[in-house]
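Biologist: I would like to learn how to read a structure of this kind. Please take one feature at a time, with the general idea before the case.

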Amino acid sequence: MSVTTLTLDEVSHILTRASFLEAEDPLERAKRLAKRKIALLFYESSTRTRTSFELAAKGLGSDTTLVSSLSSSIEKGETLKDTGLTLRALGAEAIILRHPNSGSPWLLEQETRLPVLNAGDGMHEHPSQALLDLRTMLNHLRPGVTQVGPETLAGVTVTIVGDILHSRVARSNMLLLPRLGARVILCGPPPLLPDVAVDAGPGIEVERDFERALAQSTVVMMLRIQAERLAGLQLDLEEYKTAYQLNGERLAKFAPTALVLHPGPIIRGLEITPEVADGPQSLILEQVHHGVAIRMALVERALTQKGGQA
Ligand code: CP
């Protein structure tokens, strides 16, 4: 449920299984979890995470069902606990949960005693996204490597840019990448990256000047401004774009060889311009592609062993 619960050996195992399952004959793969029942429980909207978890579970042969907050008894006031117990009574053997409250996967796991996979909990974590981001980076920077250790990303600088404060993707990456030796630079204006982040932890630095950060970057991870979590915070978007938008001119001048990542959804013309999003340095769709393999490995793990689920 958190990348912090995974040892580097476990991360390596997930990366290795992802590659194995991706390459496996689909008919053989579909026998692995044949007829196992998995519920997707989504209290927030999602395109990438929901679809890729569903394709991953189905690819392993599972039956899946989707419960979303807008078309279920959650609308009538049913609690997370009661919804979870209902899904268990219906035969669910694991639950994939996206929820606006931090820590909700732990609560649901306690109440249902089922494996719960964290598909994003509030502003806390998005572990499967960090794992697929890692797979994307390794694919380009350390091709063929699935066994990772404390030096795997030595010499790599990953700059995470934008709405760090509200981003569970940023948090999971900040918690994972320095353990593999990467240097992480956080970059954004004070309202989206408060000064307390200066002490975010070992291997993590703050650089408020985007162009100085870009010039040091092996990887640039752009983030969307999470309008749904701003809670009244007013931002001047034109000022924001002037300081932090990744456009073609900036990329060419300060980071002409950097890999460009974004967890999506992207807001074209705000944090990133179309020429960059669609350009040769962009790995945004490759990230989406890696989501299915990583989530196959996570779903298989959840249903074949207990504890320490990401
Ligand atoms: N990256 C991500 O979580 O995207 P979705 O919200 O579409 O799932």
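Modeller: Start with salt bridges: a salt bridge is a side-chain nitrogen of Lys or Arg within 4 Å of a carboxyl oxygen of Asp or Glu. Keep in mind that this is a predicted model. Between domain 1 and domain 2 the count is two salt bridges.

Biologist: Where do domain 1 and domain 2 run in the protein?

Modeller: Domain 1 is made of two stretches, 3-125 + 291-304, and domain 2 covers 127-288. Taken over C-alpha atoms, their centres are 25 Å apart.

Biologist: How many residues of domain 1 and domain 2 are in contact?

Modeller: Contact means heavy atoms within 4.5 Å. On that basis 31 residues of domain 1 touch 30 residues of domain 2. The two domains bury about 2,600 Å² between them, and 59% of that is on carbon and sulfur atoms. In domain 1, the residues that lose the most area to domain 2 are Val 3, Leu 8 and Met 123, which together make up 26% of what that side buries.

Biologist: And the polar side of it: how many residue pairs are in polar contact between domain 1 and domain 2?

Modeller: There are 15 such pairs between domain 1 and domain 2, counting those with both residues at pLDDT 80 or more. Several elements give two or more residues to the side of domain 1 that touches domain 2: helix 1 (8-23), helix 3 (48-59), strand 3 (94-99), strand 4 (116-121) and helix 12 (284-304). Helix 1 has the largest share, nine residues. By type, that side of domain 1 divides into 13 nonpolar, 11 polar and seven charged residues.

Biologist: Back to salt bridges. How many does a search of the whole structure find?

Modeller: The search finds 17. In one of them, Glu 300 pairs with Arg 17, with the closest N and O atoms 2.7 Å apart. That pair links distant parts of the chain, as Glu 300 is in helix 12 and Arg 17 in helix 1, 283 residues apart. Another salt bridge joins the side chains of Arg 135 and Glu 22, at 2.9 Å from N to O.

Biologist: Which residues are around the ligand?

Modeller: For this, a residue counts if one of its heavy atoms lies within 4 Å of the ligand. The residues are Ser 46, Thr 47, Arg 48, Thr 49, Arg 98, His 126, Gln 129, Pro 263 and Gly 264. Look next at individual atoms. A polar backbone atom of Thr 47 is 2.8 Å from a ligand oxygen, and an N or O atom in the side chain of Arg 98 is 2.9 Å from an oxygen atom of the ligand. A ligand nitrogen lies 2.8 Å from a backbone N or O atom of Pro 263.

Biologist: What should I look for in the backbone itself?

Modeller: Look for exceptions: most residues other than glycine have a negative phi, and most peptide bonds are trans. Here the peptide bond from Gly 264 to Pro 265 is cis, with omega near -5°. Pro 265 lies in the loop between strand 9 (259-261) and helix 11 (274-277).

Biologist: Which residue has a positive phi although it is not a glycine?

Modeller: Lys 35 does, with a phi of about 70°. Lys 35 sits in the loop between helix 2 (26-29) and strand 1 (37-42).

Notes. Residues are numbered from 1 along each chain as its sequence is written. Side-chain values use heavy atoms; hydrogens and water are left out. Domain bounds come from an automatic or database domain assignment. Buried area is the accessible area (1.4 Å probe) that two parts lose on being put together, summed over both. A polar contact is a pair of N or O atoms within 3.5 Å; within protein, one must be able to donate a hydrogen and the other to accept it, and residues adjacent in sequence count only if both atoms are side-chain atoms. Helices (H or I, at least four residues) and strands (E, at least two) are DSSP runs, numbered from the N terminus. Ala, Val, Leu, Ile, Met, Phe, Trp, Tyr, Cys and Pro count as nonpolar, Asp, Glu, Lys and Arg as charged, and the others, Gly among them, as polar.
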